[in-house]
Amino acid sequence: MKPIQLEPPPLEVPAEVPEIPRGVYERRYERLEQARIAAGFDVLLIYADREHGANLAWLTGFDPRFEEALWVQGPKSTLLVGNENLGYAPMKLNLEAEVALFTPFSLPGQDWGEPDLIALLRKAGLARGLRVGVLGWKPLPRPEVPFYLVAALQEVCGSEPENANDLLMHPETGLRATLEPEQIRLAEYGSSLTSAAILNWLRGLREGMTEREAAGNLVSYGLELTCHPMVNFGPTIPSGLGSPRNERLVRGEYAQVALGVLGGLTCRAGRLVRRNDPDADGYLELVTNYLEVVRAWYAALRVGVSTGEVFAAAQKAKAETWDLALNPGHLIHLEEWLHSPFAEGSRVALRSGYAIQQDIIPVPRNSVAVINMEDGIVLADGDLRGKLGRLDPALMHRCQLRREWMERLGYALSEDVLPLSNLAGAFFPFLLEGRYVAALE
């Protein structure tokens, strides 16, 4: 690892948030209908709440605010919402559907009247003998939605509904695993936004400032967050999940930051030092091997290669002094984590249209050193690259500048790899001298 002074590509966050055309939602509906019929379901239900609304948002463009919601798709389409979304949902829906009020989705203390979920489900077309699939957000053996909903479905249909999350979320066959060009535009916008915010955070670090003060540079422009913003300072950071509070930046200690919005998340962690400060905790040795692992991971990515091969490439480059936390990468979508097919021996083949988060988090075995670097990419074969170029030439130009930046840092990329983050592959080893970036030798 060689620290060099190299500025990231001078890329501006696009001026407008990309919109998904209504026709895309209509095609998604038809694809889900085909999947429903092929799976043998008479009816599909999508349950959503504020944190787990990506399935519903992908299908309809609507995600519930403050409340829960339930989409019923079968003989006809019905959306059940609470008091606050009754007026909001029709503004956001991109599909024809009846919008009905189910008041217990509303906040406690509001007027709930005398709700009758059984009657609402029957009005939506559910009846005895129908086979029902329910989508929440985890592929468990049984539905993981609220018990009262499962009980109501049992009463109406005479049998327990089934977990149908794989129809949308399976990493190999799920409809959401592969992004359309229009969805890739939104993912690129999200990564552009979060990476710009992280660079602002880095350049704003000052000794003595608080986590809260540093977080002031994490500008999201109000775009929907996929997770809480994270800023952590300390002599070590056993978990980077903390929200910014009052801990102060101390030279020689560590820092971690992450910001996630629709389609993109950027994270960095490292030591709060200047270039000539003494090394400690085996930090620079860990940085060097970590970047070798990340380089091997990127080099293995291409359409058609198995995720097991990518996993093996990362493992082969990794020293025995640290372990991987969680995974060496996962699929990203409207939410921060769709699924992860990256595992030892996995035969899942990477496909054109996958949006992937480089999420290799090292856990040292005998050190308190803290480092991390997370960015998003999209895999795109020649056909998809052509479609993206026709849809948004500026996007492809930005991706090319990011590829050239990564190559200058020592990465070798397949032509299938489109970096979405303005900081892709950039690790800043000295957080108090953010002009230095690590080049691979």
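A polar contact is taken here as a pair of N or O atoms within 3.5 Å, where, within protein, one atom must be able to donate a hydrogen and the other to accept it. With that in hand, a good place to enter this predicted model is Asn232. The side chain of Asn232 reaches the backbone oxygen of Gly240 at 3.4 Å, and a polar atom of this side chain also lies 3.1 Å from the backbone oxygen of Gly242. Asn232 sits in strand E8, which spans residues 230-234, and is buried, with a relative accessible area of 10%. Beyond its neighbours within four places in sequence, Asn232 is in contact with Glu211, Ile237, Ser239, Gly240, Leu241, Gly242, Tyr254, Ala255 and Gln256. Ala258 is 26 residues away from Asn232 along the chain, and the C-alpha atoms of the two are separated by 9.4 Å.

Phe233, which follows in the chain, leads on to Thr210. Thr210 touches Phe233, Arg245, Asn246, Glu247 and Arg248, when residues up to four places away in sequence are not counted. Although Thr210 is placed in the loop between H7 and helix H8 (211-215), this residue is buried, with a relative accessible area of 7%. A contrasting loop residue is Tyr221, found between H8 and E8. At 66% relative accessibility, Tyr221 counts as exposed, and its phi is positive, about 55 degrees, although the residue is not a glycine. Asp281, in the loop between strand E10 (264-271) and H9, likewise has a positive phi, near 65 degrees, in a residue other than glycine. Asp281 counts as partly exposed, at 35% relative accessibility.

The nonpolar interior can be described next. The largest nonpolar core has 104 residues, and those with the most contacts inside it are Trp201, Leu205, Phe233, Leu291, Leu301 and Tyr411. Helix H9 (residues 283-300) gives the largest share of this core, 10 residues. Apart from this core lies another, of 24 residues, among them Ile118, Ala124, Ala152 and Leu153. Leu291 offers a closer view of the larger assembly: leaving aside neighbours within four places in sequence, Leu291 is in contact with Met1, Met373, Tyr411, Phe427, Ala438 and Leu440.

The sheet that includes E3 deserves its own walk-through. This open sheet has six strands in the order E5-E4-E3-E2-E6-E7, with mixed pairing. Its edges are strand E5 (98-101) and strand E7 (162-163), each of which pairs on one side only. Strand E3 (residues 69-73) pairs with strand E2 (residues 43-48) in the antiparallel sense over five bridges, and here Ala48 stands opposite Ala69. E3 also pairs with strand E4 (residues 77-81), again in the antiparallel sense, over four bridges. Three residues separate E3 and E4 in the hairpin that they form. Within that pairing, Trp71 stands opposite Leu79, and the bridge partner of Leu70 is Leu80.

How many of the residues of E3 are buried? Five of its five residues are, so to speak, under cover by the criterion of under 20% relative accessible area. Both faces of the strand are covered, with Ala69, Trp71 and Gln73 on one side and Leu70 and Val72 on the other.

Helix H11 (residues 382-391) shows a one-sided arrangement, with Leu384, Arg385 and Leu388 buried. Seen down the helix axis, the buried residues of H11 fall within an arc of 100 degrees, so they line one face of the helix. This fits a general property: an α-helix has 3.6 residues a turn, so residues three or four places apart point the same way. The cover over the buried residues of H11 includes helix H7 (181-203), strand E15 (372-379), helix H12 (393-408) and strand E16 (417-419).

Finally, the cysteines can be considered. The structure holds zero disulfides. Which cysteine sulfur is closest to that of Cys227? The closest belongs to Cys267, at 9.2 Å, and is therefore too far for a bond. Cys227 is buried, with a relative accessible area of 18%, and Cys157 is buried as well, with a value of 4%.

Methods. Residues are numbered from 1 along each chain as its sequence is written. This is a predicted model: local features need pLDDT of at least 70, side-chain atom pairs count only at pLDDT 80 or more; totals for chains, interfaces and linings use all residues. Side-chain values use heavy atoms; hydrogens and water are left out. Helices (H or I, at least four residues) and strands (E, at least two) are DSSP runs, numbered from the N terminus. Buried means under 20% relative accessible area, exposed over 50%, partly exposed in between (1.4 Å probe, protein chains only). Contact means heavy atoms within 4.5 Å. A disulfide is a pair of cysteine sulfur atoms within 2.5 Å. A nonpolar core is a set of buried Ala, Val, Leu, Ile, Met, Phe, Trp, Tyr and Cys residues joined through side-chain atoms within 4.5 Å. Two strands pair if DSSP finds at least two bridges between them. The arc is that of the directions from the helix axis to the C-beta atoms.
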